[in-house]
Amino acid sequence: MQRKAYVPGVAALLAALLAGCTGTSGGGDTAADAKPGDAGTTTAAAQPGRYLTLPEPCTAVGQDALDSLLPGIKEIADKDQREQAYAGESTLTYNTDRKVGCRWKVESTDAIDHLFVDFERVVSYDNSVSDDSQATDLFATKVVDADLPEPVVSTPATPTATDSPSSPSATTPTDAASASASTSTSASPDAGTDAESAAALQPRLLDGLGDEAFLDDALSGAGSTAQQRTVTVAFRTSNVIVTIEYVEQPTTSGTVPDSKEMQDRAQKLASRLAGAFN
């Protein structure tokens, strides 16, 4: 008898529980994208990046830019080969909406030039991190990997006691003339200008190019071999990172590619590509 009384009691308890689970309070369904632990609430996802697709890199670089960066391209006599050189070669990619690139290689009588352009669209798969934030972190890693030197800050020379007009001296006219000539030679305007120019060409962060940018300049090879210079300009605009790699190796041993000329060409192309994203 006790067993028969116990079973209906359990059934009644189960019925009460089921009624509480299935009961509604005004017909409000829980949010469709609610996640475990959200207590029926939704969390606003971080903003997507500005760009959803990428341009075709081989056509993004115009013919006039290629003429400047790859001087030997106009020396190609065969029309078909010249057109093929202008067309470039697309890099292998499995998702053209995420990463694309193009390469060019042209030989001339003076040098062998390489150009590589890469577009990468960054997408965050974390709802709490925006595409722009993810791209910012990735670009920061590229800056660290570039290992840019500290900016050179020029400081004014500190005058010595002998430079002071109030310092007593017994300098003869001959000594004064000799000292004047020595000072003129050691502190010549040309020497100062050369030092400033060299500092201006150091690898560095760049202003006015995308949201952030940097330039790297590396020289490899020494001695009797022709030295190869690689200039890299990278910039980020919203969730897209653009990288330009410009390489030149002279055909004559001992020749050093001109740093300023290569940097100017690479930066001009970078500005052109940045404008295409606006």
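1. The protein chain folds into eight helices and seven strands, where helices (H or I, at least four residues) and strands (E, at least two) are DSSP runs, numbered from the N terminus. A word on ground rules: this is a predicted model, in which local features need pLDDT of at least 70, side-chain atom pairs count only at pLDDT 80 or more, and totals for chains, interfaces and linings use all residues. Residues are numbered from 1 along each chain as its sequence is written, and side-chain values use heavy atoms, with hydrogens and water left out.

2. Please look at confidence before anything else. The pLDDT (the predictor's confidence in each residue, from 0 to 100) averages 78 over the protein chain, and 67% of the residues score at least 70. Two stretches stay under 50: residues 1-41, with six contacts beyond four places in sequence, and residues 157-187, with three such contacts. Contact here means heavy atoms within 4.5 Å.

3. Some totals for the protein chain may be handy. Of its 278 residues, 29% count as buried, that is, under 20% relative accessible area (exposed is over 50%, partly exposed in between; 1.4 Å probe, protein chains only). Among contacts between residues at least 6 apart in sequence, 62% join residues at least 24 apart.

4. Strand β6 (residues 228-237) deserves your attention, as nine of its 10 residues are buried. On one side of the pairing list is strand β5 (residues 212-220), joined to β6 by nine bridges and running antiparallel to it; two strands pair if DSSP finds at least two bridges between them. Ser 220 stands opposite Gln 228 in β6.

5. The other partner is strand β7 (residues 240-250), also antiparallel to β6 and joined to it by nine bridges. Here Val 231 stands opposite Tyr 246 in β7. The hairpin of β6 and β7 has two residues between the strands, and Ser 238 takes a positive phi near 55 degrees.

6. Helix α5 (residues 131-146) has 16 residues and reaches 23 Å from its first C-alpha to its last, close to the 22 Å expected at 1.5 Å a residue; that expected span is 1.5 Å times one less than the number of residues. In α5, Asp 131, Ala 135, Phe 139 and Ala 146 are buried. Seen down the axis, the buried residues of α5 fall within an arc of 60 degrees, so they line one face of the helix; the arc is that of the directions from the helix axis to the C-beta atoms.

7. This helix also ties back to the strands above: what covers the buried residues of α5 includes β5, β6 and β7. Just after α5 comes Asp 147, whose phi is positive, near 55 degrees.
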